[in-house]
Amino acid sequence: MLEFTPGFFAIALPAVAFAGVSKAGFGSGASFASASILALVLPPGLALGIMLPLLMLVDLASLRPYWRRWSWPEARALMLGALPGVALGALLYRIADDDAIRLLIGAISLGFVAWQISVARGWITLGGRPLPLRGGYLAGMTAGFTSFISHAGGPPAAVYLLGRKLDKTGYQATTVIVFWAVNLFKFVPYSFLGIFTLQTLMADVLLAPAALFGAWLGVKAHHMIPERAFFALTYVLLTCTGAKLIFDALT
């Protein structure tokens, strides 16, 4: 049962605004931190159900600033690959309980941080040559699956797009159009699985201003705030929330 208490809004409002900033300004890679944070205080299904319409709202708000600045070959490969990934995510969600979903969200959160640190320290390299275009299908399938389970499709897509050597704005615009499509793909199975409820709809109405403010701020921040500072905060949030979710799932 979702109660709209001051404590709920103290966590949900900044989490939703953070998702807007990430999606609209920094390539969607860290926006799933919001779902991880909400899953600390809500059942995972409820957290996912609240976040998807808000993420779709941010998608719409972000399309215009980046309109037609995306790279269509990479976007198309990721979208086509995402379809079977979403289907696999829906199948897993049907058979998994809340603790299993918490464990998955926590593992994805910590895995994202580990990957980013490994790349930054040179333990993992993406190579000097651009990744082949066909690699987008596998990256898209992974992104579709992780996006369905925890709204964490950004990291697999980011690895592929960074490997394609896109410029900063082309990379950002491509993530906007890709996840606009992926979130549309997720909407139908989410509806059939009962993830959306009257309570999640009410929460979305109340939290929509924070999502739109975050999207507006993200577009501005894309050109103003160093990515290093933004993602450093993200890594701290994801490490703490991921560890807590795994602990809760196992105890």
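Me: Where in the chain is the place of Ile195?
Reply: You will find Ile195 in the loop between α8 (168-192) and α9 (198-221). Helices (H or I, at least four residues) and strands (E, at least two) are DSSP runs, numbered from the N terminus. A word on the background: this is a predicted model, where local features need pLDDT of at least 70, side-chain atom pairs count only at pLDDT 80 or more, and totals for chains, interfaces and linings use all residues. Residues are numbered from 1 along each chain as its sequence is written, and side-chain values use heavy atoms, with hydrogens and water left out.

Me: Why does Ile195 count as buried?
Reply: Buried means under 20% relative accessible area, exposed over 50%, and partly exposed in between (1.4 Å probe, protein chains only). Ile195 has a relative accessibility of 4%, so it counts as buried.

Me: Which residues is Ile195 in contact with, leaving aside its neighbours within four places in sequence?
Reply: Contact means heavy atoms within 4.5 Å. By that test, Ile195 touches Gly45, Leu48, Gly49, Tyr93, Tyr190 and Thr200. Tyr66, 129 residues away along the chain, has its C-alpha atom 30 Å from that of Ile195.

Me: What makes Arg68 count as exposed?
Reply: Its relative accessibility is 67%, which is why Arg68 is called exposed. Arg68 belongs to the loop between α3 (44-63) and α4 (72-95), and its phi is positive, about 60°, although it is not a glycine.

Me: Why is Lys168 called partly exposed?
Reply: With a relative accessible area of 40%, Lys168 falls in the partly exposed class. This lysine is in helix α8. From Lys168 to Ser118 the C-alpha distance is 21 Å, with their places 50 residues apart in sequence.

Me: And why does Ala19 count as buried?
Reply: Ala19 has only 1% relative accessibility, so it earns the label buried. Its home is helix α1 (residues 6-25). Leu212, 193 residues apart from Ala19 in sequence, is 10.0 Å away in space, C-alpha to C-alpha.

Me: How do you know that the span of helix α5 agrees with what it should be?
Reply: The expected span is 1.5 Å times one less than the number of residues. For the 23 residues of α5 (residues 98-120) that should give 33 Å, and the end C-alpha atoms are 33 Å apart, so the two agree.

Me: Which residues of α5 are buried?
Reply: They are Ile101, Arg102, Ile105, Gly106, Ile108, Ser109, Phe112, Val113 and Ser118. An α-helix has 3.6 residues a turn, so residues three or four places apart point the same way. Just after α5 comes Gly122, with a positive phi of about 85°.

Me: How many helices and strands does the chain have?
Reply: The chain has 10 helices and 0 strands.

Me: What makes the chain as compact as a globular protein of its length?
Reply: The radius of gyration is taken over C-alpha atoms, and the globule rule is 2.2 Å times the number of residues to the power 0.38. For 251 residues the rule gives 18 Å; the chain has 17 Å, which is close, so it is as compact as a globular protein of that length. Its C-alpha atoms fill a box of roughly 50 × 35 × 35 Å along the principal axes. Of the 251 residues, 51% count as buried. Among contacts between residues at least 6 apart in sequence, 86% join residues at least 24 apart.
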